[in-house]
Amino acid sequence: MSATGMRTHLCGELRPAHAGGRVRLCGWVDRRREHGEHLAFVDLRDHSGVVQCVVDGSVDVRSEWVVQVEGTVRPRPEGKGNTELATGEVEIVDCVVGILAPAEAPPFPVDDRAETDESVRLRYRYVDLRRPRMQRNLRLRGRVLAAMRAAMVRQGFCEIETPLLWTPTPEGAREFAVPARLHRGEFYVLPQSPQIAKQLLMVSGFDRYFQVARCLRDEDLRADRQFEFTQLDIEMSFVTQQDVQDAVTEAVMDATEAAVGERPAVVERMTWHEAMDRFGVDKPDLRFAMELVDLGDVFAGTEVRAFGAESVKALCVAGGASLGRNRLDALVERAKQLGAKGLAWFKVSAGAEAPALDSPLDKFLTDDERAGLVGASAARPGDLVLVVADEWHTACSVLGQLRLDLGRMPVGEGERRFLWVTEFPMFEGLDDEGRPVAAHHPFTMPHPDDLDRLGTDPLRVRSQAYDLVLNGWELGSGSIRIHREDIQRRVFDALGIPPEEAEARFGFLLGAFRYGAPPHGGFAVGVDRMVAALAGEDSIREVIAFPKTQSGTDPMTGAPKALAPAALRELGLRVARAGD
Ligand code: ASP
C-alpha cells in the first residue's frame with residue numbers, strides 16, 4: 001500500500017531485511033548534518049518515520065525541502081546504529097536526490113520536543129501537523145471514527161445526514177446564526193446537535209439512525225470545548241435505556257481497541273445519586289479512590305454549631321497532615337469559592353492510645369466524635385481529613401472538587417475506567433422565579449416512578465438520562481425521549497413553558513409526534529473528548545486538525561473577518577458600531 005508511482009517504500013518501514021535493495025523514497029528533509037568534507041547525512045521523513053540517507057555534500061537540500069531519494073539500503077556500520085530510530089539499523093547510500101519542492105525555513109522545528117507557542121503552531125498548522133505527535137493524534141482519531149462507523153453499521157444502524165442550515169434547537173447553548181440572503185432579515189441557525197432532526201427520523205420509521213455529526217455552539221472556548229465539535233450521534237426506536245447503552249458501549253469499546261490496542265474489560269455503572277454521594281461529581285474519575293464519607297451519624301447530636309447541617313461529609317487525604325498552614329488556608333479559601341460556608345480540617349497523628357487530631361476545632365469534639373471521624377474516614381496517622389457541613393449537594397460537590405484538585409492524575413496515566421452514570425435528575429435547580437431548570441433538553445423522559453412528582457416535587461424527579469464517563473471526562477449523554485403528548489405537556493408545564501411558546505419553538509417536532517411517534521431514545525458521543533482522552537491529551541485542540549484559539553480565532557486563515565460592504569449589502573446587513 002505504501003508504493004506509488006513515485007516511491008517504492010515508506011521511510012519508516014526500512015529494516016536490515018531490505019539491505020541490498022534499491023529503493024525510491026519521498027518525503028521532507030528532517031535534518032541535515034555535514035559528514036566530513038564530501039558527505040552529508042540527510043534524515044528523510046514521511047508520515048511513517050525517518051530514515052538516514054548518505055548524500056553527496058554538494059547536494060543542496062535543507063530542512064523541510066520535499067525530495068525524492070533513490071538509493072540502496074545498507075546495514076549501518078558496526079556500532080553506528082541508532083536504537084532510538086525504528087530504521088536505526090540501516091541507511092540509504094549511493095543516493096540520487098531529486099528536489100520536488102524547496103521550502104522556506106520552517107517557523108519552528110518539526111519536532112515533538114520543541115516547545116512552541118500555540119498561536120504560532122495554529123498559524124502554521126500545516127507544518128505543526130507534520131510533527132509525529134500530531135500525526136499520531138489525527139491518525140488515532142481516524143481509527144476511532146472508522147471503528148465507530150463500522151460498529152454502528154454492523155449493529156444495523158443507517159447513517160443519515162441532517163441539515164447544517166437549521167433552526168433553533170433545545171440544547172440550551174447560544175447558537176450561531178446565518179443570514180438568509182433570499183429572506184432578508186431572517187436567519188438560519190447552525191444546529192447545536194441533530195437532536196430534533198434525529199427524533200423526526202424516528203417518526204419516519206428509520207429505527208436505528210447514526211451520524212458522525214458536526215455540532216455548533218457559540219459558547220466560551222476551553223480546553224475541552226470548541227465552537228464546532230464532532231459527535232457520534234445515535235437514535236433508536238422501540239428501545240429501553242439499556243438497549244441504547246449497549247449499542248453505544250459496543251461502538252466505544254471497538255473504537256478504544258482500534259485506538260490503543262486494548263479493549264476495556266467492563267463499563268461500570270452507577271446512578272447519579274451514588275456518583276455524587278461517593279465522588280461529589282456527576283462524572284467520577286475512578287482511577288483513584290479517595291471516596292467521600294458520610295459523617296452524619298458521627299455528628300448527629302454534636303455541639304459543634306458548624307456541623308449542624310443537612311449533611312456532614314468528609315474526604316481523607318493520605319499523607320495530607322504534612323501540609324503547612326498556607327496550603328490549608330488555600331484549601332479553605334478554595335472550598336469557599338466553590339460555595340461552601342467553610343472547610344474544617346483535621347490532621348491525624350498517632351496519639352498515645354487513640355489517634356490524635358490537630359485542628360482548631362479539635363477542642364470542641366467529644367472523644368466519640370473524634371473516634372467516629374477517624375473511623376469513618378479510615379484515616380491513618382499522617383493523613384488529613386477535610387470536612388464540609390452543608391446541604392447535601394453542596395457538601396458533596398465541594399469535596400468532590402477538592403478530591404480532584406488533590407488526587408487526580410494526568411490524563412494519560414492509570415487505567416481506562418469507563419462508567420455509565422444513570423438516573424440523572426430531571427431538573428438541576430430553580431431559576432429566579434422558582435421554576436425548575438431542565439437538566440437536559442425538555443424532551444427527556446422522566447423516570448416512570450417519579451411522574452407523579454412533576455407538579456409537586458420537581459427537584460426529586462429523576463430522568464431517563466444517562467452519561468458515559470471516562471476517567472472523569474464526560475464522553476457523552478443521552479436519554480429516552482418523551483413521545484407522548486400528555487407527558488410532554490406536563491414537563492413543559494413544570495418548566496413554565498406555555499403551550500404557545502412550545503408550539504412556536506418546537507411546533508414542528510410536536511406536530512410530527514401527532515402523526516405516530518414510536519418510543520425512542522438516543523445518545524451522542526463527544527468524539528473530540530474521547531479521542532483526546534485516548535491520546536492522553538489534555539486539550540481537544542491537540543486532536544482537531546484546524547481548531548480555533550481560546551478566543552475563537554483562526555490565526556492561519558485570519559477568521560473571523562469583516563465582510564466587504566457589497567457582501568453585507570447583499571445580505572441586507574449593517575454592522576453596528578460598538579455601543580450602538
Ligand atoms: N443531543 C444531545 C446532546 O448533544 C445528545 C442526545 O441526547 O442524544 O448532548
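**Notes on the predicted model: two sheets and a ligand site**

1. Let's start at a sheet edge: E6 pairs with strand E9 (residues 208–216) in the parallel sense, over 2 bridges. Glu159 is the residue that stands opposite Phe210 in E9. Please keep in mind while reading that this is a predicted model.

2. Where do E6 and E9 belong? They are part of an open sheet of 8 strands with mixed pairing, in the order E6-E9-E10-E22-E21-E20-E17-E11. Strand E6 (158–159) and strand E11 (267–271) stand at the edges; each has a single partner strand, so one side of each is left without a neighbour in the sheet.

3. Which strands does helix H5 lie across? Helix H5 (residues 241–260) lies across strand E10 (228–237), E11, strand E17 (418–422), strand E20 (465–470), E21 and E22. Its direction runs at about 160° to that of E17.

4. Now to the ligand, which you will probably want to look at on screen. Its surroundings are made up of Glu171, Ser193, Gln195, Lys198, Arg217, Gln231, His441, Ser477, Gly478, Arg481, Phe523 and Ala524. By class, the residues of this shell divide into 2 nonpolar, 6 polar and 4 charged.

5. Which side chains place a polar atom by the ligand? For Ser193, a polar side-chain atom lies 3.1 Å from a nitrogen atom of the ligand. Gln195 has a polar side-chain atom 2.6 Å from a ligand nitrogen atom, and Arg217 has one 3.0 Å from a ligand oxygen atom. Taken alone, the ligand exposes 270 Å², and the protein buries 90% of that.

6. The ligand shell also ties back to the sheet in point 2. Helix H4 (195–203), strand E21 (473–480) and strand E22 (520–526) are the elements that give two or more residues to the shell around the ligand. E21 and E22 stand next to each other in the order of the 8-stranded sheet, and both are among the strands that H5 lies across.

7. There is another open sheet to look at, this one of 5 strands with antiparallel pairing, in the order E12-E13-E16-E14-E15. Strand E12 (293–294) and strand E15 (356–358) are its edge strands, each pairing on one side only. Strand E14 (residues 344–349) and E15 run antiparallel and are joined by 3 bridges; Lys347 has Asp358 in E15 as its bridge partner. Helix H9 (residues 392–407) packs on the sheet, where it touches strand E13 (311–317) and strand E16 (384–390), and its direction makes about 10° with that of E13.

8. Finally, two backbone details to check. Most residues other than glycine have a negative phi, and most peptide bonds are trans. Asp207, in the loop between H4 and E9, has a positive phi, near 70°. The peptide bond that joins Ala559 and Pro560 is cis, with omega about 0°. Pro560 lies in the loop between helix H12 (527–535) and helix H13 (565–571).

How values were computed:
Residues are numbered from 1 along each chain as its sequence is written. This is a predicted model: local features need pLDDT of at least 70, side-chain atom pairs count only at pLDDT 80 or more; totals for chains, interfaces and linings use all residues. Side-chain values use heavy atoms; hydrogens and water are left out. A residue is near a molecule or strand if one of its heavy atoms lies within 4 Å of it. A polar contact is a pair of N or O atoms within 3.5 Å; within protein, one must be able to donate a hydrogen and the other to accept it, and residues adjacent in sequence count only if both atoms are side-chain atoms. Accessible areas come from the Shrake-Rupley method with a 1.4 Å probe; for residues, only the protein chains shown count as cover. Helices (H or I, at least four residues) and strands (E, at least two) are DSSP runs, numbered from the N terminus. Ala, Val, Leu, Ile, Met, Phe, Trp, Tyr, Cys and Pro count as nonpolar, Asp, Glu, Lys and Arg as charged, and the others, Gly among them, as polar. Two strands pair if DSSP finds at least two bridges between them. Contact means heavy atoms within 4.5 Å. Axes are lines fitted to C-alpha atoms, for helices over the stretch in contact, and angles run from 0 to 180 degrees between N-to-C directions.
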